[in-house]
Amino acid sequence: MKMLTLKLKPKTIFGIILAITGVAVIIVTFITNHSVNKSSESVAAVVSASTDQERRDYLASYGWETSSEYEEKELTIPESWNQVYADYNEVQINQGFDLSDYKGKRVTLYTYTVTNYEGIKQGIVADMLVSDGVLIGGDICNTSAKDGFLVGFNGEN
């Protein structure tokens, strides 16, 4: 019977352990990032907005109160965007949505009158863009031409 023995110095052993640990960290990082990218979706994927009550509940989660009636309209998000659409999408990105994947697609726009906007009694609406029952974006805006503004659901740009 033959026996093989290796005499390794402590520095060599430490180097081997360090190399194995480095490879393990790289593998774990790759697998974790790869699986996160596959399973992560935008906020829109988790916000169901297929019913009037779900949409109202979402607005209420930001403190918005709405009138009993709302408008519903079908529209198509343009394939190519001018600066207005690009700026609007920045508002969406800032609140966790992104309309880029919906270019050229038909969506439903729900418009609710907001009744509790501080300091302004009329002209404030909440627009909600919905695709296949999922909220994909929206805003709070003042429809008054004189004092108009547009912000995310949280009241910020």
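1. Contact here means heavy atoms within 4.5 Å of one another, and in this predicted model Glu71 touches Leu109, Tyr110 and Thr111 when residues up to four places away in sequence are not counted. Glu71 itself lies in strand β1, which runs over residues 66-76. Despite these contacts, Glu71 has a relative accessible area of 58%, and because the exposed class begins over 50%, Glu71 is counted as exposed. As a further point of reference for the same residue, Glu71 and Lys105 are 34 residues apart in sequence, while their C-alpha atoms are 20 Å apart in space.

2. The structure holds one salt bridge, and a colleague checking electrostatics may wish to look there early. Arg56 forms a salt bridge with Asp52, with the closest N and O atoms 2.9 Å apart. Both residues belong to helix α2, residues 52-61, and because they are four residues apart in that helix, about one helical turn separates Arg56 from Asp52. As for the surroundings of the pair, Arg56 has a relative accessible area of 14% and is therefore buried, whereas Asp52, at 23% relative accessibility, counts as partly exposed.

3. Charge on the surface also deserves a remark, since Asp87, Glu90, Asp98 and Asp101 form a negative surface patch. One of these residues, Asp87, is found in helix α3, which spans residues 83-94. The relative accessibility of Asp87 is 43%, so Asp87 counts as partly exposed; this value also passes the requirement of over 30% relative accessible area that applies to members of a patch.

4. A nonpolar surface patch of about 590 Å² is made by Leu6, Leu8, Ile13, Ile16, Ile17 and Ile20. Among them, Ile13 has its place in helix α1, which covers residues 10-39. With a relative accessible area of 39%, Ile13 is partly exposed, and Ile13 can therefore meet the same cut-off of over 30% for patch residues.

5. The last point concerns backbone geometry at Asp132, where phi is near 50°, a positive value in a residue other than glycine. Which part of the chain holds Asp132? Asp132 is found in the loop between β3, residues 124-131, and β4, residues 134-142. At 78% relative accessibility, Asp132 counts as exposed, so the positive phi belongs to a residue that is both in a loop and exposed.

Technical notes: Residues numbered from 1 in each chain as written. Predicted model: local features only at pLDDT ≥ 70, side-chain atom pairs only at ≥ 80, totals over all residues. Heavy atoms only, no water. Helix = DSSP H or I, 4+ residues; strand = E, 2+ residues; numbered from the N terminus. Buried < 20%, exposed > 50% of the residue type's maximum accessible area, 1.4 Å probe, protein only. Patch = residues over 30% accessible without salt bridge, like charges linked within 9 Å, V, L, I, M, F, W, Y side chains within 5 Å. Areas by Shrake-Rupley, 256 points an atom, 1.4 Å probe, with all protein chains shown as cover. Salt bridge = Lys/Arg side-chain N within 4 Å of Asp/Glu carboxyl O. Lys, Arg positive; Asp, Glu negative; His and termini not counted. Charge placed at Lys NZ, Arg CZ, Asp CG, Glu CD.
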